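Got the viewer open? Grab the mouse and follow along, one selection at a time.

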Amino acid sequence: RARPLIHSIQSLSHQPTALRPFQSGLTQSGSFETLDIFTMQHEAAERLLRSMLGPRTQFRPGQWEAIDLIANRRQRLLVVQRTGWGKSAVYFIATKMLRDAGSGPTLLISPLLSLMRNQVVAAERLGLRAAAIHTENREEWLEVERSLRENRCDLLMVAPERLGNAQFMQTILPMFQGSIGLFAIDEAHCISDWGHDFRPDYRRIVRILRLLPPGVPVLCTTATANDRVVADVMAQVPRLQISRGPLVRPSLRLYNIRLADQSERLAWLAHFIPQIEGSGIVYCLTVQDTERVAEWLNRHGVAADAYHAGLQGAQRVAIENRLLENKVKALVATVALGMGFDKPDLGFVIHFQRPGSVVAYYQQVGRAGRAMEKAFGILLNGEEDDEIADYFIDTAFPPAEMIRAVATELERGGALTFDHLASRLNLSRAMLEKSLKLLEIDGAVQHERDVYIRTPNPWSPDVLRAEEVTQKRRMELEQIRRYVEHEGCLMGFLARALDDPNPTRCGRCMNCAQSTRRKPPEELVQKASEFLRGSALVLEPKLRWPTCLTPELDALHLADIGARGQPSSVIPPELRPEPGRILCLYGDGGWGREVANCKYKLGHFTPDLVDAVARLIRERWRPEPFPTWLAAIPSLGKPMVRDFAANVANALSIPFVDVLRKTRATPPQKQMQNRVQQVRNLLGAIEVAGKIPAGPVLLVDDIVDSGWTITLASVLLRAKGSGPVFPLALAKATPRLT
């Protein structure tokens, strides 16, 4: 399998002779004078820069030297420069010079779709014919192939995951017309698992780089690499030179505001964002918080959009454009709006919660003020920060025994689909995906179409490396805690944390300027508290059973109930629950803390929660047709949910009908780590006892984890003749984090 790849890469490496500065020329009088080709190239490159960024633009220190090293001297270079320095200008101008000299196109590895879209637009300003191949533009792939075949593409952008795609490696890569002009890796800190945003697929890049002959220039760029990351990247990419500049951002004013309660932070945003010039980004750690913060801001006259990985591609493009065109004041985003997003006139970057490391914070806050004299980077922090940070650290690397279990199961089972593996191993989807990815990159697993196969290659986990990385991230978490409490220069703290060779006092941050920390008006805090208690979440219905459970569903006659010729994995629409509602996020600043206190301390749910749910149903949700009776998810233990459901039914003046029964004890759903295990845990454990009313029903649970309990109970009720099932839960257990 390696030989065709090696051959295709080596065939791309034929390069024209590198241009060198030389002296020549003849004056009108016949005497010789020096014509410095180096100077001519510098001036030509500056003209390209101005056509890209404006007529008064000049190279920043180090930019031309990097371009010359790549385009003229064909070297390998790692550029570590602050966000906004102009790293993309280096590879775009180098690409233009190389193409003009007869080289093949540039292959640029770019990690995020939002970054790719920015880069295509920037490249076109320079007259470069740029294209991208990613999961959301499949309709363009044939045209991209055609442009490569006809040498009409100057620069191709792909995500690192594309390098693991057999079709790309066998079909697209060899189309670089006999030569590759430049191999560029954006956000190169992802190569290192010490980096804040390690991506396992970046290891594929390292292997390809090692196959490239010396004549192919290589450019690695990043804004967030401390000494340890730089050393790791240089160890993995041979013959790298390094260009490193200062990280202090002259335009950026940094502030740390301690507001642990979410209601205070929401009030702060609504009160102070209108006072900041320009538009900006508000970063949140969870998807639900992006939607909730955006809704709150819009209610208070601040035009805002939520942005996260759960949106469709067209939605994300439209939202990005609204920010770029200043049609919104704030984009409330997760890290899905990540590395390299380029809007030079962003007036602020505000963090609703604290990120997990200083390096990640610097990378995100550095988006503000690239082309402004004054911009703000404001870090709010709250009670939930540590819990979310711990989650990210704990799930960053699968434990060695987990990866070994996946490899062993493949050795036993032969070719297995993802769902079949999930049915045999109680691992979360994320952990199983990461384990398979690491095994695949290490050559221990082969992924073909829908199945995974264990290769004969020997493999053993790098236990020490994973432990060291986890320990390092714990240290980084402690470091950003210190940053929040730091009383000295905040920019200097960040610069030292990233091993800036010349960290200096900025003179502009909150501490340097001795600014007072202003709090929002108390009446706005009260409104925010009321908003949190009044903002419910939508509970979307499941559409399919896990495919590999079809035999077990058949045995219980669930797969064919109402199927009417549909695939057995499809949950028939007439049996699915309707979109439901969830009162709060478990433990949040609205009702979440009271739910937690009731469930694990009081042992019953309070009248206030009954009243809150009744008002949600009557005043804001208003399901149609309105439920004529109410049922509850059953339990073999203390009947907290049953009692709560009965009280809600009384508040709504509809009957509570206790028709669902638990037939056997099951482990808690939160212990089941993936959907296959979650569904199997419930099969045969719930039944409908006796005759049920035919009208629409409200189905009540306390805490929703996987959502499969409500799904199965709804299917059973519908199959027994109930009307539409409207699920209602007090709290959602685990927030989505991207």
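Select strand 19 (residues 629-632) together with strand 22 (residues 697-704): the two pair in the parallel sense over four bridges. Pairing here asks for at least two bridges found by DSSP, and the element numbers count DSSP runs from the N terminus, helices being H or I of at least four residues and strands E of at least two. Zoom in on Ala-632, whose bridge partner in strand 22 is Val-700. Now show the side chains of strand 19: Trp-629 and Ala-631 are buried on one side, Leu-630 and Ala-632 on the other, so both faces are covered (buried is under 20% relative accessible area, exposed over 50%, partly exposed in between, with a 1.4 Å probe and protein chains only).

A word on what you are looking at: this is a predicted model, where local features need pLDDT of at least 70, side-chain atom pairs count only at pLDDT 80 or more, and totals for chains, interfaces and linings use all residues. Residues are numbered from 1 along each chain as its sequence is written, and side-chain values use heavy atoms, with hydrogens and water left out.

Next, the open sheet. Its seven strands run in the order 3-4-2-5-6-1-7, with parallel pairing. Strand 3 (130-133) and strand 7 (240-244) are at the edges with a single partner strand each, so one side of each has no neighbour in the sheet. From one strand to the next, the twist averages 20° (axes are lines fitted to C-alpha atoms, for helices over the stretch in contact, and angles run from 0 to 180 degrees between N-to-C directions).

Within that sheet, pick strand 1 (residues 76-80) and strand 6 (residues 218-222), a parallel pair joined over five bridges. Leu-78 sits opposite Cys-220 of strand 6. Add helix 3 (residues 63-71), which packs on the sheet and touches strand 1, strand 5 (182-185), strand 6 and strand 7; contact means heavy atoms within 4.5 Å. The direction of helix 3 makes about 160° with that of strand 1. Helix 9 (residues 227-236) packs on the sheet too, touching strand 1 and strand 7, and its direction makes about 155° with that of strand 7.

Stay on strand 7 and click Ser-243. Is Ser-243 buried or exposed? At 17% relative accessibility, Ser-243 counts as buried. Beyond neighbours within four places in sequence, Ser-243 contacts Leu-77, Leu-78, Val-79, Val-80 and Gln-81.

Now jump to helix 13 (residues 358-365). Eight of its eight residues are buried, so helix 13 is largely enclosed by the rest of the structure. Its cover includes strand 8 (252-258), strand 9 (280-283), strand 12 (348-351), strand 13 (375-381), helix 18 (463-485) and helix 19 (490-497).

Tyr-483 is the next click. Leaving out residues up to four places away in sequence, Tyr-483 touches Leu-254, Asn-256, Val-358, Tyr-361, Leu-379, Leu-490, Phe-493 and Leu-494. Tyr-483 is also one of the residues with the most contacts inside the largest nonpolar core, which has 77 residues (such a core is a set of buried Ala, Val, Leu, Ile, Met, Phe, Trp, Tyr and Cys residues joined through side-chain atoms within 4.5 Å). Another core, of 55 residues, lies apart from it, with Ala-422, Leu-438, Leu-585 and Val-697 among them.

Last stop: select helix 8 (residues 202-211) and find Arg-203. At 22% relative accessibility, Arg-203 counts as partly exposed. Turn on Ile-191 as well: Arg-203 and Ile-191 are twelve residues apart in sequence and 6.2 Å apart in space, C-alpha to C-alpha.
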